[in-house]
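Thank you all for coming. I would like to go through one structure with you slowly, beginning inside a single chain and then moving to the place where two chains meet.

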There are 2 protein chains.
Amino acid sequence: MKILHTVAELHAWRVQHDQVSFVPTMGNLHEGHLALIKLAQQHAPTVIVSIFVNPLQFGAGEDYTRYPRTLEADAAKLSAIGIDAIFAPSVEELYPQPQRYFITPPALANTLCGAYRPGHFEGVATVVMKLFQLVQPTIAVFGKKDYQQLTIIRGMVEDFAVPITIIAGETIRATDGLALSSRNGFLSPTERALAPALYQQLTRIQQALQDGERDYAQLQLNASNALIKQGWQVDYIAICDTQLNPANLETSSWMILGAARLETTRLIDNVMATS
Amino acid sequence: MKILHTVAELHAWRVQHDQVSFVPTMGNLHEGHLALIKLAQQHAPTVIVSIFVNPLQFGAGEDYTRYPRTLEADAAKLSAIGIDAIFAPSVEELYPQPQRYFITPPALANTLCGAYRPGHFEGVATVVMKLFQLVQPTIAVFGKKDYQQLTIIRGMVEDFAVPITIIAGETIRATDGLALSSRNGFLSPTERALAPALYQQLTRIQQALQDGERDYAQLQLNASNALIKQGWQVDYIAICDTQLNPANLETSSWMILGAARLETTRLIDNVMATS
């Protein structure tokens, strides 16, 4: 397994391989990432994982500086599952000058998480487009846990006719249901004990929808209130269609998404429901 | 020579070729385009030219509907100089749904022509990024006549690490100096006789700079006034550095750019000067 730190090293590696599959990450890898990488391995003979904490997608006051950087441990995990290369550039390598050109996504990027993280999805779309140009993969894998991100990447790839197939990987959960996330490491033991409640509330809505309940506003409010009572600050609980528009009475497949904070740690999750 | 009208036809053609060079155009080809294409032929064995009048880069009230569409004559010219393929999609083929994701260029896109054509360079950058993803060329050729466009495409390619080398082709002029442009066809005989004055004013500034004159504001004003006196409406005459920032007293290489209208026809041109 090669660890590539520069664009020049990446290019030199890339020309030696034909079809490549790609998993972009911010590192601090957990079983959720590893499941995405195993999915990538099923789709192409050569797998490259990027590890890059992208400053463009963090807003002022967000957790860019404290986001965990654990390259050595990440490399050991990736080596153990047998990938071909890691692309781990420095910020100066990926942005030798401040980025001037951006991908501007549609209004979807300003709803849900985008409403609480202005510019976040513009930063995500921009770095992903850049990584796609650098890595030139045939397929790229993204997790369903970041469902809004997945939707935006899919839309970008479609709109720009980027010749890459986007594959979605399932969310991996702890035994108590908490979706695996690098940010879980920020949780105190007390917070960690509370954390599965976000998923529990989403699955309650899922069950209610499957049982025929259609009062979306009330379902959202009930879930929010239950979390607030436990000490969460709720950014949103939203019942949407699969395009992430607010669900209406014609909707028959729902995405139920939530974002909520325990003190300074912001967690997100989502589940699907079908009538 | 193949004429490809669909993305599927383009992909089928593309996989049969290794290195491809690309000249994006809006058609109505003249000797200026053909010079760019000959330049492309020098750089790669296989040349593809796109012909697409891109609605995204035309503002309300601009000449999108009257822009000349002359595919048959264009194909004859391209066949005569021996290119490999034309990609001539319909609007519905290139934008099967309205574009939702855009390339947002930096402030440069709002100066000079961008100040008079809001959204123009966003539309240009967006379609060029999409065409690059579709065609996947090794090199692409753009004309220096659209120098601000060339600068923006170069910046976009650099910022997104698009693996394409951008080559700039010289402006081709009529014997009286008028830069060749599809829009010259809109000029009445009287207007056509006046049209070389834009270039003449730019070369006057060029000469003055080379002679040591540094009163940029006065040089710009003199040129504007001379054109206005002849009946032009002047959008701008601008003395810039090679990055298209306003020139200052340290500047030693200048781009002198102008845009001006004769009735409903807007012409642009530029020349370079070096101290």
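How many Å separate the centres of domain 1 of chain A and domain 2 of chain A, taken over C-alpha atoms? The figure is 26 Å, and please keep in mind throughout that we are looking at a predicted model. To place these two parts on the sequence, domain 1 of chain A runs over 2-169 and domain 2 of chain A over 182-270.

Let us look at how the two domains touch. On the one side 20 residues of domain 1 of chain A take part in the contact, and on the other side 18 residues of domain 2 of chain A do. Putting the two domains together buries about 1,700 Å², and carbon and sulfur atoms give 57% of that area. In domain 1 of chain A, the residues that lose the most area to domain 2 are Arg66(A), Leu112(A) and Tyr147(A), which together make up 36% of what that side buries.

If we turn to the polar side of this interface, the count between the two domains of chain A is 6 residue pairs in polar contact, where both residues have pLDDT 80 or more. The rule also finds 1 salt bridge across the interface of domain 1 and domain 2 of chain A. You can find a salt bridge between the side chains of Arg183(A) and Asp63(A), with 2.7 Å from N to O.

Which elements give two or more residues to the side of domain 1 of chain A that touches domain 2 of chain A? They are helix H5, covering 113-116, and helix H7, covering 147-159, both of chain A. The largest share of that side comes from H7(A), which gives 3 residues. Sorted by class, this side of domain 1 of chain A has 8 nonpolar, 6 polar and 6 charged residues.

Now we can step back to the pair of chains. Chain A can be laid on chain B by a turn of 180° and a shift of 0.0 Å along the axis, with an RMSD of 0.0 Å, and the two copies are therefore related as by a two-fold rotation axis. Of the residues of chain A, the one that comes closest to this rotation axis is Ile103(A), whose C-alpha lies at 2.4 Å.

Why can we say that the copies meet through the same surface? We can say it because 100% of the interface residues of chain A are also interface residues in chain B. The contact takes 26 residues from chain A and 26 residues from chain B, and the area buried between the chains is about 2,400 Å², of which carbon and sulfur atoms give 54%. In chain A, Tyr101(A), Asp159(A) and Phe160(A) lose the most area to chain B, together 35% of what that side buries.

Between chain A and chain B the rule finds 4 salt bridges, among them the one in which the side chains of Glu158(A) and Arg100(B) meet, at 3.5 Å from N to O. There are also 18 residue pairs in polar contact between the two chains, with both residues at pLDDT 80 or more. Strand E5 (102-104), helix H6 (120-135) and H7 of chain A each supply at least two residues of the side that touches chain B, and H7(A) gives the most, with 6 residues. By class, that side of chain A has 14 nonpolar, 8 polar and 4 charged residues.

Notes
Residues are numbered from 1 along each chain as its sequence is written. Chains are lettered from A and ligands numbered from 1 in the order in which they are written. This is a predicted model: local features need pLDDT of at least 70, side-chain atom pairs count only at pLDDT 80 or more; totals for chains, interfaces and linings use all residues. Side-chain values use heavy atoms; hydrogens and water are left out. Domain bounds come from an automatic or database domain assignment. Contact means heavy atoms within 4.5 Å. Buried area is the accessible area (1.4 Å probe) that two parts lose on being put together, summed over both. A polar contact is a pair of N or O atoms within 3.5 Å; within protein, one must be able to donate a hydrogen and the other to accept it, and residues adjacent in sequence count only if both atoms are side-chain atoms. Helices (H or I, at least four residues) and strands (E, at least two) are DSSP runs, numbered from the N terminus. Ala, Val, Leu, Ile, Met, Phe, Trp, Tyr, Cys and Pro count as nonpolar, Asp, Glu, Lys and Arg as charged, and the others, Gly among them, as polar. Copies are superposed by least squares on the C-alpha atoms of residues with pLDDT of at least 70 in both.
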